[in-house]
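Good morning, and thank you for joining. Please look at the sequence and the model as they appear, and I shall then take you through selected features.

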Amino acid sequence: MFNSLGVKIVLIDYNKIINLKQIEEESLDLAKQDEMIARKLVLDRIKIEVAKFISEQKINRVFIPGNYYNLHSEPFPPTPCRQLVTEAVVKVVDDNPTIHLLGVCGGLQGIMNAKGIEVVHVADLVDNEEHQKSHLQSAPNPQLEGTPLQQIKIIPNSRLAEVAAKFLPPDENGWLLTYFPDAHYAHSGAVNNTPENRKKLELLGYKIAAFSSDGIIEAIEDKHGNIYFQSHPEALVAKSDKNLYLSNQKERQIATLVAMAIINDFLYRVPSVK
């Protein structure tokens, strides 16, 4: 997708940009075997390494895609490096609004987990068996033919609503409705929508930007205007050459235009530095 848009791409291999074993050993030694102090030193050191890599590679946009692993149940990631690097990226972006961040599916979950926001299995959020199945559609790739689309209800006055409004008229209550591929892979997790978890989101400077029709949190915005998605708008962009010419699927056409607007916002918006 990004290649087709002419964007220079740098792969952040979280297993290579840091040497976790060495960092942990050196931090534990510096902390004189105090494991709690050592963990803080590890996180600080990883942030320095990640920030250095981002600076050296002149990266100003970071895209964290989904993955096949869980944050809330087995199978867990095969290495802790991914989540530690994700946490470091989040810290770097928090401190530097000129670096834009986009996370989808497992990417959103990793970002939220880095902030201490609870991520749970979809089955813990939706009682209705039919609705559970709609979120647990198994697909190896959200770009495949037949991947189901999930209705997304965008909250009025959100940044996401501002981005999508060019192509979506609001309903009578001001909400904007669109559809994105809903391929949750094996992990099928989501941000817990309990009042306590939502309050924690707000206190950390995040806002919920969209829900599914059954109340699953589908999009979250941060204080710098970055938007994170549970579903896969980028999959529509990757297939935009086909989706835009499906004359019998108007909703998919419009959803593709909204998804393209989201990617353009990520790539080209001017950050508001306060």
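Let me begin with a question: is Cys 105 buried or exposed? Before answering, I should say that this is a predicted model. Cys 105 counts as buried, because its relative accessibility is 0%, and the cut-off for that term is under 20%. Cys 105 sits in the loop between strand S2, residues 100–104, and helix H4, residues 106–114. Its phi is positive, at about 55°, although Cys 105 is not a glycine. As background, most residues other than glycine have a negative phi.

Lys 58 also has a positive phi of about 55° without being a glycine. Its place is the loop between helix H2, which spans 35–56, and strand S1. Here the surroundings are those of an exposed residue, since the relative accessible area of Lys 58 is 71%. A further positive phi of about 55° belongs to Lys 32, just after helix H1.

That brings us to helix H1 itself. In H1, residues 20–30, the buried residues are Leu 20, Ile 23 and Ser 27. They lie on the same side of the helix, because the arc they cover around the axis is only 65°. Lys 21 and Asp 29 are exposed on the other side of H1. The cover over the buried residues of H1 includes helices H2 and H3.

I turn now to the interior. The largest nonpolar core has 38 residues, and Ile 46, Leu 101 and Met 112 are those that touch the most other members. Two or more residues of this core come from each of H1, H2, S1, H3, H4, strand S7 (207–212) and strand S8 (217–221). Helix H3 gives the largest share, eight residues. There is also a second, separate core of 27 residues, which includes Leu 102, Leu 160, Phe 180 and Leu 236.

Which residues does Leu 101 touch, leaving aside those up to four places away in sequence? Among them are Val 62 and Ile 64, then Val 89, Val 90 and Val 93, and, further along the chain, Ile 227, Tyr 228 and Phe 266.

Two other buried positions deserve mention. Thr 178 lies in strand S5, residues 176–181, and is counted as buried because its relative accessibility is 2%. With residues up to four places away in sequence left out, Thr 178 touches Gln 150, Gln 151, Ile 152, Ile 154, Leu 168, Ala 255 and Val 258. Gly 189 belongs to strand S6, residues 189–191, and has a relative accessible area of 0%, so Gly 189 is buried too. Gly 189 and His 121 are 68 residues apart in sequence, yet their C-alpha atoms are 4.4 Å apart in space.

Finally, I come to the largest pocket. How much space lies in it? The computed figure is about 770 Å³. Its lining consists of 25 residues, and Ile 9, Val 10, Arg 61, Val 62 and Phe 63 lie nearest the centre. Strand S1 (61–64), helix H3 (81–95) and helix H10 (250–268) each contribute at least two residues to that lining. By class, the lining residues are 17 nonpolar, four polar and four charged.

To close, I would draw your attention again to S1 and H3, which give residues both to the lining of the largest pocket and to the largest nonpolar core. Thank you for your attention.

Methods:
Residues numbered from 1 in each chain as written. Predicted model: local features only at pLDDT ≥ 70, side-chain atom pairs only at ≥ 80, totals over all residues. Heavy atoms only, no water. 1 Å grid on protein atoms, 1.4 Å probe; cavity = no way out; pocket = protein on both sides within 12 Å on 5 of 7 lines; lining within 4 Å. Points joined across faces, edges and corners; volume = space filled by probe spheres on them. Helix = DSSP H or I, 4+ residues; strand = E, 2+ residues; numbered from the N terminus. Nonpolar A, V, L, I, M, F, W, Y, C, P; charged D, E, K, R; others polar. Buried < 20%, exposed > 50% of the residue type's maximum accessible area, 1.4 Å probe, protein only. Arc of directions from axis to C-beta. Contact = heavy atoms within 4.5 Å. Core = buried A, V, L, I, M, F, W, Y, C linked by side-chain atoms within 4.5 Å.
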